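Reader: I should like a close look at a single part of this model, with the cut-offs stated for every term. Please explain how the part is covered and what it pairs with.

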Amino acid sequence: MRGLVSADGLDAAAVAAFATRGASLLAGEPPLANPGPVALVFAEPSTRTRVSFAEAVSRLGGRPITLDEAGSGISKGESMEGTARTLATLGVNGLVLRTGEVGLPARLLAADLGLWVVNAGDGSGEHPTQALGDTLALSAHGGLEGRKVALIGDLAASRVAHSLEDLWLRLGVEMGALPVAVGSPDLSLGQAAAGLRPLANLEEAQEWADVLYLLRPQTERLPAPAQAAWEGGGRAAAYFAEYGLKALAPGQMVMAPGPCWPGVDMAPDLLHGEGSLVSEQVRWGLAGRLALLERLAGG
Ligand code: CP
């Protein structure tokens with residue numbers, strides 16, 4: 001394995017293997033391989049992904065080297081390809097990259113620059129390790145096959161949604177979509193992706209789904225006038241009124257990749273209440289990254 005840049009690099013066998021191995025590593029079993037020096041280059045903000053990758057590298061006995069755009073040669077005009085070549089020359093074994101540029105991790109992997117590459121989120125493209133961790137979390141809480149999952153929110157801009165749509169359809173999950181056009185003045189619905197059951201409103205989503213998967217409004221990707229409408233124009237309250245999850249039915253679960261917006265995408269008491277898998281997603285996100293990095297290191 002030379003990297004993971006898209007959910008299409010995962011299949012049922014890989015997911016099953018990462019689930020078993022990730023649980024063992026999370027429980028403290030000794031690693032089979034040490035990733036050595038690994039560069040974590042984050043050109044967009046992150047808490048969960050950045051910290052869990054750093055933690056995973058450390059727990060496997062390796063050395064995470066964190067680079068921000070502002071504190072590196074990237075801010076002086078060095079390309080990401082040039083940066084990756086420099087890192088490889090310095091003996092760095094792998095690159096974990098978060099970038100605003102869709103497709104950049106895939107291009108770096110294809111360029112074969114002497115180090116493995118993992119996509120930690122590329123703009124509104126993909127976020128395959130979030131999808132991996134979420135898959136492990138849902139598998140551990142009732143399984144995937146035949147599960148009905150409604151994706152709700154800003155699906156067009158969501159890299160998490162794009163990775164989940166691909167992976168979960170292939171793993172037998174029934175998927176519905178309530179795609180909110182968060183930049184539109186009336187928060188109208190967008191198009192559901194192929195293969196996803198279009199859901200007309202939150203009530204239909206709640207009646208149909210076992211799991212409600214919430215994607216927050218990606219306001220940072222909106223043009224300035226639409227951003228201003230969110231910041232001061234009351235659009236957050238309108239979003240909560242129409243699409244914010246207020247309650248769960250018995251046995252129903254809520255998932256969200258974070259950051260979550262309590263009071264906008266869901267009622268605050270749901271975030272860590274009964275039926276919430278949000279913390280489990282974080283825990284299994286670490287498990288998946290441990291197993292993935294061990295594999296990339298040759299384990
Ligand atoms: N889910 C996710 O990618 O969160 P961060 O932006 O905090 O890494």
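Author: A residue is called buried under 20% relative accessible area, exposed over 50%, and partly exposed in between, with a 1.4 Å probe and protein chains only. Helices (H or I, at least four residues) and strands (E, at least two) are DSSP runs, numbered from the N terminus. The model is predicted, so that local features need pLDDT of at least 70 and side-chain atom pairs count only at pLDDT 80 or more, while totals for chains, interfaces and linings use all residues. Residues are numbered from 1 along each chain as its sequence is written, and side-chain values use heavy atoms, with hydrogens and water left out.

A brief example of burial comes from helix 3 (residues 80–89), where Met80, Gly82, Thr83, Ala84, Leu87 and Ala88 are buried. Contact means heavy atoms within 4.5 Å, and the cover over these buried residues of helix 3 includes strand 2 (37–42), strand 3 (63–68), strand 4 (94–99) and helix 4 (104–111). Just after helix 3, Gly91 has a positive phi of about 95°.

The part for the close look is strand 6 (residues 148–153), which is mostly covered, with 5 of its 6 residues buried. Two strands are said to pair if DSSP finds at least two bridges between them. Strand 6 pairs with strand 7 (residues 174–179) in the parallel sense, over 6 bridges; here Val149 has Met175 of strand 7 as its bridge partner. Between strand 6 and strand 7 the chain passes through helix 6 (residues 159–170), and this β-α-β crossover is right-handed. Right-handed signifies that, with the strands pointing away from the viewer, the path from the first strand over the helix to the second runs clockwise.

Strand 6 also pairs with strand 9 (residues 211–215), again in the parallel sense, over 5 bridges. In that pairing, Ala150 stands opposite Leu212 of strand 9.

The wider setting is an open sheet of 5 strands in the order 8-7-6-9-10, with parallel pairing. Strand 8 (197–198) and strand 10 (253–255) stand at its edges; each has a single partner strand, so one side of each is left without a neighbour in the sheet. For strand 8, the pairing is with strand 7, in the parallel sense and over 2 bridges, and Arg197 in strand 8 is the bridge partner of Gly176.
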